[in-house]
Amino acid sequence: MAMEAQQHQHTAPTGFIRKYIFSLDHKVIGKQYYFLAIASVFLGMVLSWLVRIHLVWPNVHVWGLGALSPAGAPGGVISPEYYLSLLTIHGTLMVFFVLTTAPQAGFGNYALPIQIGAEDMAFPTLNMLSFWVTFLALCALVSTLFVEDGPPISGWTAYPPLSAVGSLAGPGQGMGQNLWAVSIALFCIGSLLGALNFITTTVDLRCKGMTLMRMPLTCWAWLITAILSLLSFAVLFAACVLLILDRNAGTSFFLPSGLLVNGQLQNHSGGSPLLWQHLFWFFGHPEVYIAIVPGFGVISHVLSVFSRKPVLGYKVIVTCLLAIGFLSFTVWGHHMFLSGMSPYSGFLFSIPTLIITIPATIVSLLWLGTVYGGKLRFTTCMMFALGFVSVFVTGGLGGMFLAQPSLDIFLHGTYFVVGHFHMVMGVAAIFGMFAGTYFWFPKMFGRMMNERLGKIHFWITFIGVYCIFMPMHFIGLEGMPRRYSSFVNDLMQPLMPVHKFMTIAALITGAAQFIFLFNLFWSMYKGPKAPENPWESTTLEWTVPSPPPFDNFGGKHPVVYHDAYEYGDVHNGKDYVMQTDPAGQPAKS
Amino acid sequence: MGKAFAVVLTIITTVSVAIFVSRHWWFPEVASAHGGAMDHQFLETFVGAAIGFILAQLGLAAFAWKYGERKGETRPIRIFPGGAKWLVVLALVYVGSEIILLEFVGQKVWAAMYFTPPAADSLQVQVLAGQFAFYFRYPGPDGKFGPIHTGKIDETKGNFFGIDPSDPGSKDDIVTVELAVPVNKPVELLLNSKDMGHGFYVPEMRIQQDIVPGMEIPLHFTPTKIGKYDIACNQLCGLGHYTMRAFLEVMSEEDYQKWIVEQASLQ
Amino acid sequence: MSSSSDGPLTAATAHGGHDIPSWGGGSLPYAVPSKKLGMWLFIVSDAITFSAVIFAYGYLRLAAAAWPRPFGTPSIANATVMTFVLLSSSVAMVLAVRASSLGKVSGAVGWLVATALGGVVFDILHIREWLGLIGEGVRPFHNPWGTPMFGAAFFTMTGLHMLHVTIGVVYLLVIAVGFGRRKFSAADVEVSGLYWHFVDLVWMFIFPLVYLLSAKTA
Amino acid sequence: MEHAETAGNKIVFSVWFGLLGLTVLEVILAYRQLPLETMFSVLMVLSVIKAALIIAYFMHLRYEQPSLFVTLIPALVFILIMMTAIFADSSRLAHMRSLVQ
């Protein structure tokens with residue numbers, strides 16, 4: 001029969017290596033991705049500290065840095081070029097190894113199969129492979145910190161010719177940039193394998209009764225993100241291959257003729273730096289949504305659970321997510337308004353860019369409508385969800401300015417842009433991850449996290465991010481250029497106090513993240529044991545023990561009878577109906 | 001906890017809006033003909049965005065204040081009046097009308113800079129950006145530039161622009177390290193790069209354009225205020241990116257004529 | 001990886017809709033097994049990678065002042081033969097899939113090996129072509145006819161395709177051996193077939209774009 | 001296997017001959033003195049027909065559920081159409097070349 005044939009007949013492995021290292025279990029792989037992202041995010045955060053410190057106290061000695069990079073930071077004092085190296089690695093780590101891995105591959109791997117009632121992902125071996133490829137990519141990237149001339153200095157966007165002409169262009173542009181390109185190409189492969197696994201799992205492995213419109217919004221978000229990854233990483237992969245060829249095989253895809261770099265005439269001819277920008281941003285804009293859409297899913301889910309209300313407009317949210325996914329492929333040119341691209345294209349690209357704010361606005365309003373009239377339970381998870389709505393709106397509104405090519409003439413490349421994308425893509429996505437962590441931790445590790453530490457962590461982070469990124473918008477209005485390691489010749493000198501304020505805010509906010517780290521590891525071993533359904537939630541992962549057994553459902557096949565968000569109607573002393581409850585009354589919405 | 005969140009969020013909203021509205025940190029004063037329209041468009045966008053910002057943040061704060069669950073409470077939950085429909089309509093109407101408005105206004109400013117050719121009497125100046133300096137070239141009396149031979153660039157011999165003296169177009173060209181232009185006269189810059197991608201950013205003039213190697217990108221504007229302005233490179237171009245800058249000096253017509261004669265004598 | 005369902009359709013999917021509340025679960029809205037869907041998704045993604053490279057070639061050729069057209073009749077004839085070989089190997093693949101689904105093990109293995117052989121012949125002809133061009137002085141950064149990007153575009157596109165053919169040959173042989181030993185199912189043969197046809201399909205674009213548009217006509 | 005119908009021998013071999021015939025036609029066209037744009041368009045149309053034949057019959061998409069076709073192919077076509085936006089610049093690039101060696 002179809003049902004029996006479909007189920008994977010595997011038993012739990014016993015050896016340490018098969019169980020924890022080269023595991024095929026989606027729960028273990030999800031945790032591996034999660035810890036990979038935790039390691040990356042803390043490294044990335046420390047790098048951002050160094051970047052901020054260098055901006056305001058350029059002569060300070062940073063302990064240990066001199067030993068790590070004698071050339072880049074002699075005696076621990078960060079040199080201007082090492083500043084560029086640090087921000088390149090910060091950006092690459094955060095965008096690829098944090099924002100792309102944790103919300104999608106981390107939580108998605110862990111929760112998706114359980115939420116749709118499957119025993120595992122569709123291709124467990126591919127799943128393992130995609131993690132280890134991603135891990136290799138991370139190793140390649142981190143190793144740039146230890147090669148002789150240091151990490152590349154061309155930023156996470158790696159615009160040629162800077163990234164394509166080799167070590168002539170500056171320190172780190174030799175070995176470091178090669179490792180960077182290899183790392184990103186590997187990362188693309190890992191993401192592609194992960195994406196096709198996610199789509200197949202969601203499409204094929206849902207349990208009986210789990211129609212697409214009964215899936216939790218998290219699953220919808222992961223599905224849409226996987227589609228975006230599948231279609232966009234393929235382009236970045238091609239671009240990276242061409243970049244590697246330009247650097248090492250003498251081709252000139254991204255290099256025009258007549259370049260005189262560092263006094264040496266280059267042999268290249270026939271290419272165009274704009275080609276790289278097109279290919280990169282063709283991936284780059286969907287990437288923004290790859291980072292944030294899983295956050296949309298988690299936040300919709302969490303707001304509903306802790307408001308004790310059904311999500312307002314489930315179908316509308318699904319439609320909006322699909323619209324955002326579709327439109328995200330039509331807007332990449334807004335990164336290139338002033339890049340020398342045809343100005344007519346610039347104008348055309350601005351139209352879908354502004355239109356994409358409509359579904360985003362609808363989703364934000366529906367979150368407000370979900371909270372309205374609920375019975376809010378202010379757990380740490382809920383606080384981060386509310387914080388997400390706040391920072392997402394703040395950051396998103398900055399996009400209204402940058403979407404217009406005529407305003408971009410002034411704001412392009414200033415701190416306004418830095419503030420905007422950190423708020424909307426960095427902080428909002430990270431808040432989504434925090435909400436996800438506080439929400440699923442009991443299921444993942446079988447213990448509860450400490451709420452008091454969680455609240456302290458929330459307050460410092462929430463106020464801190466506004467103190468860091470709101471002033472960036474202000475100084476952006478003054479026209480302060482980004483990626484300047486210092487502001488010489490009294491350019492913008494009156495704004496240095498603002499920079500100092502932001503640096504101090506960043507140091508404090510960053511330090512607060514160690515509270516989170518402590519809470520995470522302490523609770524893993526010392527937290528109170530978690531019950532099966534601590535949040536009184538309705539979805540399938542809360543019908544199994546915490547943590548779930550190896551095959552998720554203990555050999556049983558769950559059957560779904562209800563929508564994902566039936567909260568509010570009190571029935572048998574409970575104000576929620578489990579999706580698997582055959583008897584409960586469906587809530588009116 | 002909900003009340004605390006409401007208070008904090010209200011404070012954040014008030015402070016942010018107050019700082020924006022106080023204009024303590026704001027654009028430098030406009031010094032070009034098209035800049036005023038751009039500032040106007042920014043203001044329009046700003047008002048629209050500020051209304052959305054305040055309503056959304058204060059709404060969130062109000063709901064967090066009001067709807068917290070108390071122990072043993074039995075009140076029923078309330079569905080948003082009218083369901084999702086009105087929120088969708090609100091978003092479509094508010095954001096939609098804003099988009100249409102902005103797109104129409106925005107098109108004008110963008111079109112004036114990029115779709116329309118420069119005035120026929122524009123002063124043409126060629127710009128050559130390289131790691132980490134800008135050079136400028138005036139065509140001289142013949143009004144023609146010779147080609148840029150990057151192979152002939154030799155800073156020790158003062159050939160910053162790769163000029164081939166045997167080129168008829170290059171004979172009377174004037175190369176400078178500073179960009180000087182007469183006030184109220186249209187200027188057309190022809191932007192070139194010899195090595196990396198660079199940027200050409202003058203905040204007061206409200207102009208910015210990436211300089212892409214292999215392309216000569218035109219950019220035109222009309223300065224309206226005499227003064228000396230920073231030209232900053234605003235596209236990451238290597239380790240000395242932050243040091244790469246030049247000055248734009250807007251002069252009266254007489255001063256400009258004197259200056260250009262003086263520069264010509266230095267060639 | 002466990003081999004996934006080849007089971008019959010459930011009532012729910014037979015109706016085709018995936019939104020109907022009586023979703024039977026554990027089965028397949030596309031009515032294709034997971035591995036086949038996975039391969040289709042991989043093909044879409046890989047098609048985009050190829051397209052990006054081909055578009056890059058188009059972008060640079062359109063921007064170039066001139067583009068060499070060096071392929072004389074022997075080259076075109078060679079490439080045409082390569083096309084025939086690849087197309088014929090695809091037919092062999094179709095026959096392999098059919099034999100496997102009818103349970104004819106030796107027939108399926110035979111056709112699989114024939115398909116792989118087609119791939120090997122294609123590779124050999126192609127490498128000979130490469131060596132000939134290299135002998136004429138074509139490099140990724142230089143060629144005798146000007147516009148150095150010609151060599152870069154040629155080697156990148158055909159090299160990427162040749163890599164796919166080579167991987168395909170290995171993949172088909174692994175499947176052939178595994179199917180012969182009953183370790184792989186007919187579904188696995190079918191999935192490998194999808195990959196092989198895709199490689200064939202890509203060549204249908206590379207052949208005219210690289211060779212025919214650069215044929216020496218005068 | 002679940003396929004109620006697949007391409008029979010007759011269809012497979014007609015498709016094969018069709019593909020070979022189209023290839024020959026392409027090669028013949030390559031030797032006509034057509035302008036590059038015309039030749040490019042004609043060759044691409046023929047190649048798309050060949051690709052469609054391969055997808056429909058060899059990869060037997062024609063015999064699958066229509067849902068598979070309507071999700072996969074439009075996604076691919078959409079991406080390809082969007083990518084053509086880059087050509088707006090490349091033709092412009094030819095007119096804006098600047099440096100001389």
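Which residue stands opposite Ala133(B) in S2(B)? In this predicted model, in which local features need pLDDT of at least 70, side-chain atom pairs count only at pLDDT 80 or more, and totals for chains, interfaces and linings use all residues, the residue is Gly130(B). Residues are numbered from 1 along each chain as its sequence is written, while chains are lettered from A and ligands numbered from 1 in the order in which they are written.

Strand S1 (residues 123–130) and strand S2 (residues 133–138) of chain B pair in the antiparallel sense, over five bridges. Strands (E, at least two residues) and helices (H or I, at least four) are DSSP runs numbered from the N terminus, and two strands pair if DSSP finds at least two bridges between them. An open sheet of five strands, with mixed pairing, follows the order S4-S2-S1-S6-S9 in chain B. Strand S4 (174–176) and strand S9 (217–221) of chain B occupy the edges with a single partner strand each, so one side of each has no neighbour in the sheet. From one strand to the next, the twist averages 25°; axes are lines fitted to C-alpha atoms, for helices over the stretch in contact, and angles run from 0 to 180 degrees between N-to-C directions.

The contact between chains B and A takes 83 residues from chain B and 86 residues from chain A, two residues being in contact if their C-beta atoms, placed from the backbone, lie within 7 Å. On the chain B side, H3(B) gives the largest share, 16 residues. This side divides into 49 nonpolar, 24 polar and 10 charged residues (nonpolar: Ala, Val, Leu, Ile, Met, Phe, Trp, Tyr, Cys and Pro; charged: Asp, Glu, Lys and Arg; polar: the others, Gly among them).

The contact between chains C and D takes 41 residues from chain C and 39 residues from chain D. Helix H2 (34–63), helix H3 (73–101) and helix H6 (186–211) of chain C each supply at least two residues of the side that touches chain D. By class, that side of chain C has 29 nonpolar, nine polar and three charged residues.

Chain C has an average pLDDT (the predictor's confidence in each residue, from 0 to 100) of 86, and 85% of its residues score at least 70. Within chain C, helix H1 (residues 11–14) has the lowest confidence, at a mean of 34, and helix H5 (residues 149–180) the highest, at 96. Over residues 1–23 of chain C, pLDDT stays under 50. Where pLDDT is low, predicted coordinates should not be read in detail.
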